[in-house]
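Thank you for making time for this. I would like to take you through one chain at an unhurried pace, so please look at the sequence and the model as they come up.

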Amino acid sequence: TPPSITAAITPAPNAAGWESADATVTFTCADSGSGVQSCPAPVTVTAEGGGQTISGTAVDAAGNSATTSVTLNIDKTPASVTAMVEPAPNAAGWNNTDVTVTFACQDAGAGVDGCPAAVPVSAEGANQVVSRTATDRAGNQATTSVTLNIDKTPPSIAPALSTPPNAAGWVTGDTTVTFTCADSGGSGIGACSPPVTVGEGASQPVTGTATDVAGNTATVTV
């Protein structure tokens with residue numbers, strides 16, 4: 001009668017059958033007849049990969065033998081996760097609309113178990129951090145984050161005349177229209193129309209435009 005031999009894996013694999021660290025296979029041998037002559041020593045497995053077979057053989061004093069094997073799946077490398085911002089920010093790093101952060105995950109080992117869902121962001125503000133974590137089937141985790149700057153509010157612009165008109169609405173000499181632009185609490189002013197000097201004539205429209213760093217605009221005409 002051959003001896004008995006069983007194998008145990010430490011640590012035990014997760015519910016998906018994967019290890020996220022080195023694993024040791026230990027063997028337990030027994031023989032109620034002539035007794036066990038040899039039982040395999042523990043085997044530590046460090047290599048990553050699925051379907052790794054570890055076998056061990058027990059031999060009793062009468063020369064009978066029995067073999068058992070276990071299959072190991074080891075993945076110690078976290079999945080990769082990348083974040084994408086839609087629509088993409090402008091060259092200054094600002095968005096002037098609502099934003100959706102989407103995630104792409106890959107894992108060449110155990111495979112991706114969970115990839116984060118898309119995150120819509122509508123709140124205005126600078127340095128808004130969106131972080132999410134991806135998990136592979138072995139339980140390894142990887143986290144990524146993006147920083148969002150959102151400004152959906154147009155700036156303000158106000159005109160001023162160097163020579164104010166009289167009660168009839170006329171100016172008796174050249175006048176310069178200057179513009180004051182502001183963007184309180186937003187991305188800041190990116191461009192403000194320069195002063196415009198106006199000569200003789202009636203009903204002459206002078207238009208100025210303010211643009212903030214996020215690309216929002218405001219226009220005024222005098």
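Let me begin with a question: is Asn-127 buried or exposed? Asn-127 is exposed, with a relative accessible area of 58%, where exposed stands for over 50% relative accessible area, buried for under 20%, and partly exposed for what falls in between, computed with a 1.4 Å probe on protein chains only. Before I go on, please keep in mind that this is a predicted model, in which local features need pLDDT of at least 70 and side-chain atom pairs count only at pLDDT 80 or more, while totals for chains, interfaces and linings use all residues. Residues are numbered from 1 along each chain as its sequence is written, and side-chain values use heavy atoms, with hydrogens and water left out.

Asn-127 is also notable for its backbone, since its phi is near 55 degrees, a positive value in a residue other than glycine. The residue is found in strand S11; strands here are DSSP runs of E with at least two residues, numbered from the N terminus. A positive phi in a non-glycine residue turns up at Ser-203 as well, where the value is near 50 degrees. Ser-203 lies in the loop between strand S16 (196-198) and strand S17 (207-212), and this serine is exposed, with a relative accessible area of 76%.

Let me stay with strand S11, residues 125-136, which runs antiparallel to strand S9, residues 112-114, and is joined to it by two bridges; two strands are said to pair if DSSP finds at least two bridges between them. Within that pairing, Gly-114 has Thr-135 of S11 as its bridge partner. On the other pairing, S11 and strand S12 (residues 141-150) are antiparallel over nine bridges, with Arg-132 standing opposite Thr-144 in S12. Four residues separate the strands in the hairpin of S11 and S12, where Gly-139 takes a positive phi near 100 degrees.

Now to the cis peptide bonds. One joins Thr-10 and Pro-11, with omega about -10 degrees, and Pro-11 has its place in the loop between strand S1 (4-10) and strand S2 (23-30). Another runs from Glu-86 to Pro-87, with omega near -10 degrees, and Pro-87 lies in the loop between strand S7 (80-86) and strand S8 (99-106).

Finally, the disulfides. How many disulfides does a search of the whole structure find? The search finds three, a disulfide being a pair of cysteine sulfur atoms within 2.5 Å. Cys-29 is joined to Cys-39 at an S to S distance of 2.0 Å, and the torsion about their S-S bond is about 75 degrees, so this disulfide is right-handed. Cys-29 is buried at 18% relative accessible area, whereas Cys-39 counts as partly exposed at 35%.

Cys-105 and Cys-115 form a disulfide with their sulfur atoms 2.1 Å apart, and with 80 degrees about the S-S bond this link is right-handed. Here Cys-105 is buried, at 18%, and Cys-115 is partly exposed, at 35%.

Cys-181 and Cys-192 form a disulfide with sulfur atoms 1.9 Å apart. Cys-181 lies in strand S14 (residues 175-182) and Cys-192 in strand S15 (residues 189-192), so the pair ties together parts that are 11 residues apart in sequence. Counting bonded cysteines along the chain, the disulfides follow the pattern 1-2, 3-4, 5-6.
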